[in-house]
Amino acid sequence: MSSIISVANLSKTYGSGFKALKNVNLDIKRGEIFALLGPNGAGKTTLISIICGIANPSEGKVLVGGEDIQTSYRKARSLIGLVPQELHTDAFESVWATVSFSRGLFGKPKNPAHIEKILKDLSLWDKKDNKIITLSGGMKRRVMIAKALSHEPQILFLDEPTAGVDVELRKGMWEVVRTLQQSGVTIILTTHYIEEAEEMADRIGVINKGEIVLVEDKATLMQKLGKKRLTLHLQPTLAALPESLAHYELDLCDSGATLVYDYDTKGERTGITSLLSDLRTAGIRFNDLDTTQSSLEDIFVDLVRAS
Amino acid sequence: MNYRAVRAIYLFEMARTWRTLLQSIVSPVVSTSLYFVVFGAAIGSRISQVEGVSYGTFIVPGLIMLSVLTQSIANASFGIYFPKFTGTIYEILSAPISYFEIVLGYVGAAATKSIILGLIILATAGLFVPLHIHHPVWMLTFLVLTAVTFSLFGFVIGIWADGFEKLQMIPMLVVTPLTFLGGSFYSIDMLPPTWRTVALLNPVVYLISGFRWSFYEIADVSVAVSIGMTTAFLVICLAVIWWIFRTGYRLKN
């Protein structure tokens, strides 16, 4: 797949001297859903702001659809729809007017049928004549999405799209995002909800302290960094681990009631067979066992700590 | 040229005007009428003619300029400050439009509004005093030039301001005094020689003088100087705006 966005050696230093981005290189593939994860202040919003033209880069180059965002900003920006993190709305405008305004701003001729479709897709049609100030937070968020889609962009940036949105509405938005992807729109989302990235994304990038720590296919990432944990429920409980088991690096928890063993699924040998055999030799018995796979969240936390 | 974007911004801003009709149009008309009652009728009745024109008639161009100046600045500064304040500026900055087009949309709408206002005040004045405009084309030229120039100035203030206080500060502390001291209510020839020289440092003097000339062919300074000074101020405002967008001052940093 070809890149629709190509970020090269991008840095941003704010007037205060704060380095928000440090030599960022990133390629977004056409048609994918890319999730950008990172703790607060990692540089997610700064990166998006520069790509969309809201902030000036200090160094580096960004191409959107092959067009330079600075020298060919008209072509580059017309490909992008942006849903910012904060709910910035014109409180006294009607939904219809504000969405139509956005379309005009991007230089597109009027197309009431298209706007009607967007509003219906986002369940805003019956609110089209309402002033934005009268809408709930979730509806305002959808108005922002409608504005971003009004000019039929090829790329959609969703900066924390589901922050403060209830579970049902969040699922609804995921549906909208998937439908958009099917229609060929490339989607870049930033999120705090790892679950959201896990659910939605094709690829995941992790940014921390202004640097891209990792970019990987979600599946590969999960597989590559995924650890599994075997938990044995001991019967009877154990006071201390025998010397013979020391090399397994086991954890004895819950006052000797559970024994925890972390292993790597990517390794050729997991060590489970020999562990179970050695437990039997040592006379340790258990009445139940379970295994859990580490979530993207665990991976994320590990990565951020490591960087 | 992204005409649709200019149109969208222009219409959006004009829609704001119609939404706030009372504040935008009615209140300046009311205050102008009050000026006529106080200065024209009450005080004016005790003042003999000024350079062959009755005092009530004499102050009309100055009153129009007073409103056009302050309203141009207020409209344009608020127009660009408000999106900065609410955050909706993100959309303007991320749209495929040039700085020139952004300025054209905002300043065009602010200037349109104050030109309409100026004409309404002119019509209102016609109800109080007899009016004759010697040079209607020049009158309109001065009106448009002033409205555009001070809308540009207002745009600069709107970008510079990072709070409502700053937004009000320049119009209140600089523009209003300059306008009152710029010969709205008197000819600067009435001043003692020293103060007359000081008054010539006030750019508003040239605007009002030129504008009054287009009405009655009486002026404090030559018309060419008036046009020159107004154009110079226009160019300065344009240069500042060019610099703002080139550096991203208070917009992109």
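Throughout these legends, a strand is a DSSP run of E at least two residues long and a helix is a DSSP run of H or I at least four residues long, both numbered from the N terminus. The model shown is a predicted one.

**View 1. Chain A as a whole, with its two domains.** Welcome to chain A, which holds ten helices and 14 strands. The radius of gyration is 24 Å, well over the 19 Å that the globule rule gives for 307 residues, so chain A is more spread out than a compact globule. Along the principal axes, the C-alpha trace of chain A spans about 80 × 45 × 40 Å. Domain 1 covers residues 3–223 and domain 2 covers 228–293, and the C-alpha centres of these two domains of chain A lie 46 Å apart. Of the 307 residues in chain A, 36% are buried. Among the contacts in chain A with a separation of 6 or more, 71% are between residues 24 or more positions apart.

**View 2. The open sheet of four strands in chain A.** Follow the order β2-β1-β4-β5 across this sheet of chain A, where the pairing is antiparallel. The edges belong to β2 and β5 (67–68) of chain A; each has a single partner strand, so one side of each is left without a neighbour in the sheet. Turning to β1(A), five bridges join this strand to β4 (residues 59–64) of chain A, and the two run antiparallel. To find one of the pairs by eye, start at Ser6(A), whose bridge partner in β4(A) is Leu63(A).

**View 3. The hairpin of β1(A) and β2(A).** Here strand β1 (residues 3–13) of chain A and strand β2 (residues 19–29) of chain A run antiparallel, joined by seven bridges. Ser3(A) has Lys29(A) as its bridge partner in β2(A). Five residues lie between the strands of this hairpin, and Gly17(A) takes a positive phi near 95 degrees. Within strand β2 of chain A sits Asn23(A), where phi is near 45 degrees, a positive value in a residue other than glycine. How many other C-beta atoms lie within 10 Å of Asn23(A)? The count is 14, so Asn23(A) is partly exposed.

**View 4. Backbone details around β12(A).** A little background helps with this view: most residues other than glycine have a negative phi, and most peptide bonds are trans. With that in mind, look at the peptide bond between Gln235(A) and Pro236(A), which is cis, with omega about 0 degrees. Pro236(A) is in the loop between β11 (227–234) and β12 (251–253) of chain A. In the loop between β12 and β13 (258–264) of chain A you will meet Ser255(A). Ser255(A) is not a glycine, yet its phi is positive at about 55 degrees. Is Ser255(A) buried or exposed? With 9 other C-beta atoms within 10 Å, Ser255(A) is exposed.

**View 5. Helix α8 of chain B and its surroundings.** Moving over to chain B, helix α8 (residues 164–180) has 17 residues. From first C-alpha to last, α8(B) reaches 23 Å, close to the 24 Å expected at 1.5 Å a residue. Which residues of α8(B) are buried? Look for Leu167(B), Pro171(B), Val175(B) and Thr179(B). The cover over the buried residues of α8(B) includes α4 (60–86), α7 (136–160) and α10 (203–216) of chain B.

**View 6. The loop residue Glu51(B) and what it touches.** Glu51(B) is in the loop between α2 (21–43) and α3 (55–58) of chain B. With 14 other C-beta atoms within 10 Å, Glu51(B) is partly exposed. Leaving aside residues up to four places away in sequence, Glu51(B) touches Ser187(B) and Ile218(B). Ala219(B) makes a handy reference point too: Glu51(B) and Ala219(B) are 168 residues apart in sequence, while their C-alpha atoms are 9.6 Å apart in space.

**View 7. The contact between chain A and chain B.** Chain A brings 28 residues to this contact and chain B brings 20. On the side of chain B that touches chain A, the elements that give two or more residues are α1 (3–19) and α5 (89–94) of chain B. With six residues, α1(B) gives the most to that side. Sorted by class, the side of chain B that touches chain A has eight nonpolar, seven polar and five charged residues.

Note on methods. Residues numbered from 1 in each chain as written. Chains lettered and ligands numbered in written order. Predicted model: local features only at pLDDT ≥ 70, side-chain atom pairs only at ≥ 80, totals over all residues. Rg over C-alpha atoms; globule rule 2.2 N^0.38 Å. Buried ≥ 20, exposed ≤ 12 C-beta atoms within 10 Å, placed from the backbone. Contact = placed C-beta atoms within 7 Å. Pairing = 2+ DSSP bridges. Domains from an automatic or database assignment. Expected span 1.5 Å × (residues − 1). Nonpolar A, V, L, I, M, F, W, Y, C, P; charged D, E, K, R; others polar.
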